[in-house]
Amino acid sequence: MKKINWKILISTSVICLLPILLGTIFYKLVPMQVAIHFDFSNNPNSYMNKNIVLFGFPIIIALMQAICCISSDLNKSQDIKTPKVEYIFKAILPIVSIIVYSITLSIALGLQLDVRKLICFFIGFIFILVGNYIPKTSSTYTYGSHQYSFIKNENFYKKFNRAMGYSFVILGFLLIVSIFFASRYSAYVVILIIILTIIESLYFIKLSKFHAK
């Protein structure tokens, strides 16, 4: 029977909620409408009520984190030998919650920050981190008392994941490098990420069907 790691679930969910403390402290200084989205030239182009931003978003992210933790624990294969991979993926949302919230709050308080550079650096770092651990994942997962596999050829899955890992690391590096150039270069990298994601997804679906035969 699968066991939920309540320690990780509770601790990471609480971390997702911690930014609310900052929102409470600076609540009166934050304008009613808060910028939540910026273009590549660092200009805000979307706003939302500060109550939703300061309190609603952390709660939503905490709920998402709890669902991800429970789903991961219930579907975790018994033979997983790389717990670091699990911990890293479970840490992504809490880190996102704190960093994005801090940037949004800082700008709402009047600080002049280059959102493009901060976000590109942060996402690039996440890509590099995840890219290093993608090759360590397995194609098998469990549901209930049964174990399943995305494909029957585990060797193919490992090779594909290795290629995915390299592409994530390279794209992450390109995102970080783009912050030293004009904003359009960051946009080019984002477009490249979208294109490669679509291509790799279609390629995986096609070959996984072939190797599943």
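**Entry 1: Ala 66**

I looked up Ala 66 and found it in helix H3. The model is a predicted one, and I read every entry below in that light. Ala 66 has a relative accessible area of 19%, and I recorded it as buried because the limit for that class is under 20%. Setting aside residues within four places in sequence, I noted Leu 9 and Ser 13 as the contacts of Ala 66. I also checked Ala 66 against Ile 10: the two are 56 residues apart along the chain, and their C-alpha atoms are separated by 7.8 Å.

**Entry 2: Ile 15**

I turned next to Ile 15, which belongs to helix H1, residues 6-17. Its relative accessibility is 31%, and I therefore listed Ile 15 as partly exposed. Apart from neighbours within four places in sequence, Ile 15 is in contact with Pro 94 and Ile 98. For the pair Ile 15 and Ile 98, I noted a C-alpha separation of 7.8 Å across 83 residues of chain.

**Entry 3: three residues of helix H4**

I took Leu 93 first; it lies in helix H4. Leu 93 is buried, at 18% relative accessible area. From C-alpha to C-alpha, Leu 93 is 9.4 Å from Ile 15, with their positions 78 residues apart in sequence. With neighbours up to four places away left out, I listed Cys 16, Ile 61, Met 64, Gln 65 and Cys 68 as contacts of Leu 93.

I then examined Lys 90, also placed in helix H4. Is Lys 90 buried or exposed? Its relative accessibility is 6%, so I entered Lys 90 as buried. Beyond its neighbours within four places in sequence, Lys 90 is in contact with Asn 5, Ile 8, Thr 12, Gln 65, Cys 69, Ser 72 and Asp 73.

I closed this entry with Thr 104, again in helix H4. Thr 104 counts as buried at 18% relative accessibility. Not counting residues up to four places away in sequence, it touches Val 34, Ala 35 and Val 53.

**Entry 4: cysteines**

I searched for disulfides and found zero in the structure. Cys 68 is in no disulfide, and the nearest cysteine sulfur to its own, that of Cys 69, is 7.0 Å away. Why is the sulfur of Cys 69 not bonded to that of Cys 68? The two sulfurs are 7.0 Å apart, which is too far for a bond, because a disulfide requires sulfur atoms within 2.5 Å. I compared the exposure of the pair as well: Cys 68 is partly exposed, with a relative accessible area of 44%, whereas Cys 69 is buried at 1%.

**Entry 5: the largest nonpolar core**

I looked up the largest nonpolar core and recorded its eight residues: Ile 92, Phe 122, Ile 126, Val 130, Ile 134, Phe 156, Phe 160 and Met 164. At least two residues of this core come from helix H5 (115-133), and at least two from helix H6 (154-178). I followed up one member, Met 164: leaving out neighbours within four places in sequence, its contacts are Ile 134 and Glu 200. As general background, I noted that nonpolar side chains tend to be buried together in soluble globular proteins.

**Entry 6: the second largest pocket**

I noted a volume of about 650 Å³ for the second largest pocket. Its lining has 28 residues, and those closest to the centre are Ile 36, His 37, Val 100, Val 115 and Ile 119. Which elements each supply at least two lining residues? I listed strand E1 (33-38), helix H3 (50-74), helix H4 (83-108), helix H5 and helix H7 (183-212). H4 gives the largest share, seven residues. Sorted by class, the lining of this pocket holds 22 nonpolar, four polar and two charged residues.

**Entry 7: the whole chain**

I ended with the overall layout. The protein has seven helices and four strands, and along the sequence I read the pattern α-α-β-β-α-α-α-β-β-α-α. Of its 213 residues, 34% count as buried. Among contacts between residues at least 6 apart in sequence, I recorded that 70% join residues at least 24 apart.

How values were computed
Residues numbered from 1 in each chain as written. Predicted model: local features only at pLDDT ≥ 70, side-chain atom pairs only at ≥ 80, totals over all residues. Heavy atoms only, no water. Core = buried A, V, L, I, M, F, W, Y, C linked by side-chain atoms within 4.5 Å. Buried < 20%, exposed > 50% of the residue type's maximum accessible area, 1.4 Å probe, protein only. Contact = heavy atoms within 4.5 Å. 1 Å grid on protein atoms, 1.4 Å probe; cavity = no way out; pocket = protein on both sides within 12 Å on 5 of 7 lines; lining within 4 Å. Points joined across faces, edges and corners; volume = space filled by probe spheres on them. Nonpolar A, V, L, I, M, F, W, Y, C, P; charged D, E, K, R; others polar.
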